[in-house]
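Thanks for coming. I have one structure to go through today, so please look at the screen while I talk.

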Amino acid sequence: MNIVKPKTLDRIDLMILDTLQKEGRISNVELSKKVNLSASPCLDRVRRLAQDGYIERYGAFLNASKLKFGMSAFIQVTLDRTTGDVFSQFKEEVVKIKEVAECHMVAGGFDYLLKLRFENMDAYREVLGVIVELPAVSQTHTYVVMENVKQDLGVPIFY
């Protein structure tokens, strides 16, 4: 049986990932200069990193306020029972709600932690009405964000 060992990432791979995470629109030529490689081997590494799953996607960070989603809140969701089919039903429905930016199943005193984005309190009340009607939801607790002190800037990479 052939077991393929995953390739370990070297310093250049980590520099490439860190740079792409911070500057997703950087050209390959600029990237190759930053990591001190010629363009062709740099592009080969980027393709390999993507193929190996280290790069999941590319995107842009949008201004939520300008797009009428400037408010955010975290909602703790407790289900009335915790069975596989209930978890599946909840997940199937929660991903359909556009205001739900993130949904995490958690261990502890409740079952899910949702991050919502919305325009104003009227919009929040509307989406909360949808969330409380999801399969098996028995209780919610909301924490409205007053100030974003630090936002996710990506995976910390040390090289």
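I will start with the overall fold, then take the salt bridges, and end with two single residues.

Keep in mind that this is a predicted model. The protein chain has five helices and four strands. If you read along the sequence, the order is α-α-α-β-α-β-β-α-β.

Now the overall dimensions. The C-alpha trace spans about 55 × 50 × 25 Å along its principal axes. The radius of gyration of the protein chain is 21 Å, where a compact globule of 159 residues would have one near 15 Å. As for burial, 28% of the 159 residues count as buried. The protein chain exposes about 11600 Å², and 52% of that comes from carbon and sulfur atoms.

On contacts, take those with a separation of 6 or more: 64% of them are between residues 24 or more positions apart. On charge, there are 21 positive and 21 negative charges, and their mean positions are 8 Å apart.

Next, the salt bridges. How many are there by the rule used here? The count comes to seven. I will go through some of them.

Lysine 22 forms a salt bridge with aspartate 18, and their closest N and O atoms are 3.2 Å apart. Where do these two sit relative to each other in helix H1? They are four residues apart in that helix, which covers residues 11–22, so about one helical turn separates them. Are the two partners buried or exposed? Lysine 22 counts as exposed, because its relative accessibility is 61%, and the cut-off for exposed is over 50%. Aspartate 18 is buried, with a relative accessible area of 7%, as buried means under 20%.

Arginine 81 and aspartate 80 also meet in a salt bridge through their side chains, at 2.7 Å from N to O. Arginine 81 is partly exposed, with a relative accessible area of 42%. Aspartate 80 is partly exposed too, with a relative accessibility of 47%.

Then there is glutamate 93 with lysine 96, whose side chains form a salt bridge at 3.2 Å, N to O. Here glutamate 93 is partly exposed at a relative accessible area of 27%, whereas lysine 96 counts as exposed at 57% relative accessibility.

Some salt bridges share partners, and these join Asp10, Asp13, Arg45 and Arg48 into one network.

That brings me to arginine 45. Arginine 45 lies in helix H3, residues 39–51. What does arginine 45 touch, leaving aside residues up to four places away in sequence? The list is Asp10, Ile12, Asp13, Ile16 and Leu37. Two names on that list, Asp10 and Asp13, belong to the salt-bridge network with Arg45. Arginine 45 is buried, because its relative accessible area of 18% falls under the 20% cut-off.

The last residue is alanine 101, found in strand S2, residues 100–105. Alanine 101 counts as partly exposed, with a relative accessibility of 39%. Not counting residues up to four places away in sequence, alanine 101 touches Lys115, Leu116 and Arg117. How far is alanine 101 from methionine 15, C-alpha to C-alpha? The separation is 29 Å, and the two residues are 86 residues apart along the chain.

That is what I have. I can put the structure back up for questions.

Definitions and conventions
Residues are numbered from 1 along each chain as its sequence is written. This is a predicted model: local features need pLDDT of at least 70, side-chain atom pairs count only at pLDDT 80 or more; totals for chains, interfaces and linings use all residues. Side-chain values use heavy atoms; hydrogens and water are left out. A salt bridge is a side-chain nitrogen of Lys or Arg within 4 Å of a carboxyl oxygen of Asp or Glu. Buried means under 20% relative accessible area, exposed over 50%, partly exposed in between (1.4 Å probe, protein chains only). The radius of gyration is taken over C-alpha atoms; the globule rule is 2.2 Å times the number of residues to the power 0.38. Contact means heavy atoms within 4.5 Å. Accessible areas come from the Shrake-Rupley method with a 1.4 Å probe; for residues, only the protein chains shown count as cover. Lys and Arg count as positive and Asp and Glu as negative; His and the chain ends are not counted. The place of a charge is taken as NZ of Lys, CZ of Arg, CG of Asp or CD of Glu.
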